[in-house]
Structures are given as structure tokens and as C-alpha cells.
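Here is a quick tour for anyone meeting this structure for the first time. Have a look around, then read on.

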Amino acid sequence: MVWDNYFEYPQLEVIKTKGFYHCLDVKFDASITNNLKSLGTQAFAESNIDSLNLGTCIKTIGDKCFRDCQKLKTITIMAAEPPVLEGQLYSGNTDLEKIYVPLKSIEKYKNDSSWSVYSSKLVGI
């Protein structure tokens, strides 16, 4: 399945556990609007996602949401408060380079016990 390299659902609030698990044929630069509140455990595990933009409403990110996402390079999170990480953000073969967060909130992310392990990848925007 290919969605014209773009995927958007403005009313989407939740991507459940393994929602896009192992979607190798899905090659998209996912833009999720501010309505998204939760990403389930392994929601994008083993998919071909290369970047993800999360809006201001994101509250929780499930364990290993991005496990083995070999093409994933960047995640942008616009939430002022760090979302609750229910375990690891990713594991396995993931080459995540940067996690962009609001500049005003970067210290909150770096000092959060769940996010501090990713402090070297956090970049304020």
C-alpha cells in the first residue's frame, strides 16, 4: 500500500498497538495533526516511516513505538510537556538522528526521566 508519500487524518486521536506494524510497503512522511493524543506500543515497529511530526496534543507514546524503523531519521514533537513514554521510544535497528522539540521545553525533555536517555538527540526548534 502506498499513500502518495503523504498520510494525514486530521481527526485521528489514537494509533493503537501495532497500528502500522511491519508496513514495509507504506513509504510515507507522516504528518499527524494536533489531534493525535496517543501512539500505541510498537505502533510503527518495522515500518518504512522516515520521519514523524507530532502536534501539541500528544500525551503518550507506547513502548518501542519505533522498534526497528530502519529509515527513521527524525521525530518532531510540538508538545510543551514531554509525552509519557511507556518504555523505550525505540529499540533494535533504528537510526534516529534527531528529536525536535519546542525550544522553550527542551530542558523539560532533557530532565524528564524517560526522555533524558535521548538528550543527545534532542534539538530545540
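Let's start with the cysteines: there are 0 disulfides in the structure. Keep in mind that this is a predicted model. A disulfide is a covalent bond that ties together the sulfur atoms of two cysteines. Take C69, which takes part in no such bond: the nearest cysteine sulfur belongs to C65 and sits 7.6 Å away. For a disulfide, the two sulfur atoms would have to be within 2.5 Å. C69 has a relative accessible area of 0%, so it counts as buried. C57 is another story to look at: its relative accessibility is 26%, so this cysteine is partly exposed.

Now for the rings. An aromatic pair is described by how far apart the ring centres are and by the angle between the planes. The count here comes to 5 aromatic pairs. Two of them make a handy table, and the type follows from the angle.

| Pair | Distance of centres | Angle of planes | Type |
|---|---|---|---|
| F44 and F66 | 5.8 Å | 10° | stacked |
| Y109 and W115 | 5.4 Å | 70° | edge-to-face |

Why is the F44 and F66 pair called stacked? Its planes are at 10°, and planes under 30 degrees apart count as stacked. This pair also links distant parts of the chain, with the two positions 22 residues apart in numbering. F44 lies in the loop between β4 (38–39) and β5 (51–54), while F66 is in the loop between β6 (60–62) and β7 (74–77). Both F44 and F66 are buried.

Over at the other pair, the planes of Y109 and W115 are at 70°, so these rings meet edge-to-face. Y109 and W115 are buried too. They also have company: Y90 and Y118 join Y109 and W115 in one aromatic cluster.

One more ring deserves a stop. Y21 has the charged end of K18 sitting over its ring, 4.7 Å from the centre.

Finally, the strands. Which way do β5 and β7 run relative to each other, parallel or antiparallel? They run parallel, joined by 4 bridges. In one of these, L52 has I75 of β7 as its bridge partner. On to strand β9, which covers residues 98–101 and pairs with β7, again in the parallel sense, over 3 bridges. There, T74 is partnered with K98 in β9. So β7 is a strand to follow by eye, since it pairs with β5 and with β9.

How values were computed. Residues are numbered from 1 along each chain as its sequence is written. This is a predicted model: local features need pLDDT of at least 70, side-chain atom pairs count only at pLDDT 80 or more; totals for chains, interfaces and linings use all residues. Side-chain values use heavy atoms; hydrogens and water are left out. Rings of Phe, Tyr and Trp (its six-membered ring) pair if their centres lie within 6.5 Å; planes under 30 degrees apart count as stacked, over 60 as edge-to-face and the rest as tilted. Buried means under 20% relative accessible area, exposed over 50%, partly exposed in between (1.4 Å probe, protein chains only). A charge sits over a ring if NZ of Lys or CZ of Arg is within 6 Å of the ring centre and within 35 degrees of the ring normal. Two strands pair if DSSP finds at least two bridges between them.
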